[in-house]
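Me: Mind if I quiz you on the labels people put on a model? Have a look at this one first.

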Amino acid sequence: MPLLGGTSLTDCKELALFARDAGMDAVSFTAPFYFKPATVQALADCCIEVAAAVPDLPFYYYHIPVLTGVQHTMYDLLKAIHGRLPNFAGIKYTHEDFMDFLSCLHFANGQYDMLWGRDENMLAALALGAKGAVGSTFNYATPLYLQLIAAFEAGDLEKARALQQQSIDMIRLLGKYGGIATGKAFMKLIGLDCGQFRLPVQNMSAAQFEAFAQDNAAQQFATYCSQLPQATLA
């Protein structure tokens, strides 16, 4: 599922067509972030225009207002889209409005696939009824989240809370070491070097990476990270 996003709906539609021709399973779209949709109706119209280019593919809206600046509630978006866009499948919900998220889960008898997108708040989302999630930290800490889900489903909330705290402690390192580029540093720790980010994202220096690796060792990252070659961790 590729992400369609940017400032041009024409570019989004072209990428959607490319994704369909490449055999992908679905497409995901995030709001234009320069000239932002001023109303939820305008946002719905953007979704409809892009999704109509690939009516045979499931279409997801990616709600991440901290980056797009588009703050409309997703419950209102579902009301604006419902019945107008047959291939609208659901929303990746990367925000902290649990009231809105729960209302979306209940909308139209649970018709839409609501995927949670805040890894550090997964336990709260599970308690509301989330059944799926998409998260960047899943790339390198999948076992941690699988254990968290298993503990929640077993009713062991004490263990689930402890695992969520472990996730939070790990995610705090993203902020400490510069944000999104830290994700690739985590991947390097598990033995999968994905290279560097392009500008304007800033990458770690070698000294920063060493300090980052030490912080992860202190948090026992090796005990819950994804099981790839552990040469850097050793």
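Reply: Sure, starting with burial: buried means under 20% relative accessible area, exposed over 50%, partly exposed in between, with a 1.4 Å probe and protein chains only. This is a predicted model, where local features need pLDDT of at least 70 and side-chain atom pairs count only at pLDDT 80 or more, while totals for chains, interfaces and linings use all residues. Residues are numbered from 1 along each chain as its sequence is written, and side-chain values use heavy atoms, with hydrogens and water left out.

Me: What makes H9 mostly covered?

Reply: Six of the eight residues of H9 are buried. Those are Thr182, Gly183, Ala185, Phe186, Met187 and Leu189, so each of them falls under the 20% mark.

Me: Why is H9 called a helix?

Reply: Helices (H or I, at least four residues) and strands (E, at least two) are DSSP runs, numbered from the N terminus. H9 spans 182–189 and has eight residues, so the helix minimum of four is met.

Me: What do the buried residues of H9 pack against?

Reply: They pack against H7, H8 and helix H10 (206–218), where contact means heavy atoms within 4.5 Å.

Me: How are the residues of the lining of the second largest pocket classed?

Reply: They divide into 11 nonpolar, three polar and two charged. Ala, Val, Leu, Ile, Met, Phe, Trp, Tyr, Cys and Pro count as nonpolar, Asp, Glu, Lys and Arg as charged, and the others, Gly among them, as polar. H7 gives the most to that lining, with seven residues.
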